[in-house]
Amino acid sequence: MTKRSGRNEGSLRVRSVSTTFDSAAPGEGIESRPAPVRLLRRLITGAFDLWVGLSINMTGRLGWSADVQPYVGYGTESYSRLICRTILTDGRRREDPAIRGIRGLLTVPAPRTRVRLAIDSTAIGRVQVGDSSVYDAVDPSRSLSADSVFSDRSGYLDLVAEHRLTPGVHRVSYQVRGRRPVDAPLYIVPGQTPVGVISDVDDTIMISQVPNHWKAAWNLLLSDPHRRSSVPGMAVLYNRIRDLDPRMPFFYLSASPWNVEGSIRGFIRDHGFPAGPLLLRDLDPRPKTFVPSIVQHKMEFIHQLMADFPKMRFVLMGDDGQSDPSTFAQVVRQYPGRVLAIGIRQLSPQETGLGTLVKRTATQPMPVTEVPVFYGTTGANLMRTLLPYLRRCARI
């Protein structure tokens, strides 16, 4: 850990960052939308603000108080990204974070709540305000002394901590006044790791049937999170890829809201996928982008990972049910030489909602790209082609 003299000795320098929760990509702000869209936004955000206000008032009358919902963080030896959310609860903590999606979406935020943080029992003592959605160098001129930080009006807290940590799994603890600390894993990735995996979740590793909107809504909101099905063979494939280099990090992207992070994390653990941080999105309609699109959400986090690990090449894993092929092709164009391979899981007609009306998978064609693209309906199919290619690359 970085040691400092004076009363902040042993503290970590941290800065708040503008994230996908509250920042718009260039040209994607709500102010650039047509007038009817802006009017609809005002109506929905007004209703949302009213619901939040009534919920906070009601839970206050019931004696609920603020607590922390921690999320898995990641970083390098020199800095890490930490994410949590402050929420209002009745004081009881669930040992099992997996809850039905509808209950997660109705979570009441605890806005602008003071949170104390520590990494491996080393308390955070300095805060620096940032204005970028990706990591940039810490500016000492903007550092402020503080023993705690505040969540935003939606309860989210996204920080970048400067430190010196050894690669491996560490623990981040979060605490609000009157509650015991809660903690979450922090994955520190060696800066010289040559390859990492960025994987979609829905219909790539977990059967969600996203193209079939009714089934997707049922799976997200009402299904038992412990009964979600894994795509056959994908866990075996991912672990075989991990065996090529035990240092290899896995980052999981999903368009699901942060409210169900615990359920997806439990799914990854229960089905034997390599552990790693989740990068989800916020469905609070008050950010500048209103509600970010799936493509925008994935591209923002891929940009962030590319900046966080500038020497790392990535294997991109997704499915053809939505926009992954075109999104990954865009990544290849924007980051020449940074994508090692692309794996696309092909959905069946039943998963796309076409049933037996057609005899082929309703695939989204993969744009032409210089990076090799591997297809398969299961992990076993992909393993026959993708894994040998990655093994050859590992020997180069």
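Trainee: Which residue in β14 is the bridge partner of proline 257?
Mentor: Keep in mind that we're looking at a predicted model. β13 and β14 run parallel and are joined by 3 bridges. In β14, the partner that sits across the bridge from proline 257 is arginine 281.

Trainee: How does the chain get from β13 to β14, and what is the handedness of that β-α-β crossover?
Mentor: Follow the chain out of β13 and you pass through helix α5, residues 261-270, before reaching β14. Seen with the strands pointing away from you, a clockwise path counts as right-handed. This β-α-β crossover is right-handed.

Trainee: In what order do the 6 strands of the open sheet line up?
Mentor: Strands of a sheet pair through backbone hydrogen bonds, either parallel or antiparallel. In this open sheet the pairing is parallel. Reading across the 6 strands, the order is β14-β13-β12-β15-β16-β17.

Trainee: Which strands stand at the edges, with a single partner strand each?
Mentor: An edge strand has one side left without a neighbour in the sheet, because it has a single partner strand. Here that goes for residues 278-281 and residues 373-376. Those two stretches are β14 and β17.

Trainee: What does the twist average from one strand to the next?
Mentor: We're still on the open sheet, where the strands are paired in parallel. From one strand to the next, the twist averages 20°.

Trainee: How many bridges pair β15 with β16, in the parallel sense?
Mentor: β15 covers residues 313-319 and β16 covers residues 339-345. One of the pairings puts glycine 318 with isoleucine 344 in β16. In total, β15 and β16 pair over 6 bridges.

Trainee: What angle does helix α7 make with β15?
Mentor: Helix α7, residues 324-334, packs on the sheet and touches β12, β15 and β16. Compare the direction of α7 with that of β15, and the angle is about 165°.

Trainee: How many of the 8 residues of β13 are buried?
Mentor: In a regular strand the side chains alternate between the two faces of the sheet. In β13, one side has Phe250, Tyr252, Ser254 and Ser256, the other has Phe251, Leu253, Ala255 and Pro257, and both faces are covered. The strand is largely enclosed by the rest of the structure, because the buried count is 8 of the 8.

Trainee: Which residue of β13 is the bridge partner of aspartate 200?
Mentor: β12 and β13 pair in the parallel sense over 4 bridges. The β13 residue that partners aspartate 200 is leucine 253.

Trainee: How wide is the arc that the buried residues of α4 cover around the axis?
Mentor: Those buried residues are Met234, Ala235, Leu237, Tyr238 and Ile241. Their cover includes β12, β13, β15 and α9. They lie on the same side of α4, because the arc they cover is only 160°.

Trainee: Are the rings of tyrosine 238 and phenylalanine 250 stacked, tilted or edge-to-face?
Mentor: Tyrosine 238 is in helix α4 and phenylalanine 250 is in strand β13, 12 residues apart along the chain. Their ring centres are 5.6 Å apart and their planes meet at 35°. Stacked needs under 30 degrees and edge-to-face needs over 60. So this pair is tilted.

Trainee: And the rings of phenylalanine 267 and phenylalanine 273, are they stacked or tilted?
Mentor: Both of these residues, phenylalanine 267 and phenylalanine 273, are buried. Their ring centres lie 6.0 Å apart, with the planes at 25°. That angle falls under the 30 degrees cut-off, so the pair is stacked.

Trainee: What is the relative accessibility of tyrosine 238?
Mentor: Tyr238 forms one aromatic cluster with Phe250, Phe267 and Phe273. Phenylalanine 250 is buried at a relative accessible area of 1%. Buried means under 20%, and tyrosine 238 counts as buried because its value is 0%.

Trainee: Which residue of β4 stands opposite valine 68?
Mentor: β4 is mostly covered, with 11 of its 11 residues buried. Strand β2, residues 65-70, pairs with β4 in the antiparallel sense over 6 bridges. Opposite valine 68 in β4 you find threonine 86.

Trainee: How many residues lie between β3 and β4 in their hairpin?
Mentor: β3 and β4 run antiparallel and are joined by 2 bridges. One pairing matches glycine 75 with serine 80 in β4. Between the two strands of this hairpin, the count is 3 residues.

Trainee: Which residue in β9 is the bridge partner of arginine 85?
Mentor: β4 and β9 run antiparallel, and 7 bridges join them. In β9, arginine 85 is partnered by tyrosine 156.

Technical notes: Residues numbered from 1 in each chain as written. Predicted model: local features only at pLDDT ≥ 70, side-chain atom pairs only at ≥ 80, totals over all residues. Heavy atoms only, no water. Pairing = 2+ DSSP bridges. Axes fitted to C-alpha atoms, helices over the stretch in contact; angles between N-to-C directions. Contact = heavy atoms within 4.5 Å. Buried < 20%, exposed > 50% of the residue type's maximum accessible area, 1.4 Å probe, protein only. Arc of directions from axis to C-beta. Phe/Tyr/Trp six-rings, centres within 6.5 Å; stacked < 30°, edge-to-face > 60°.
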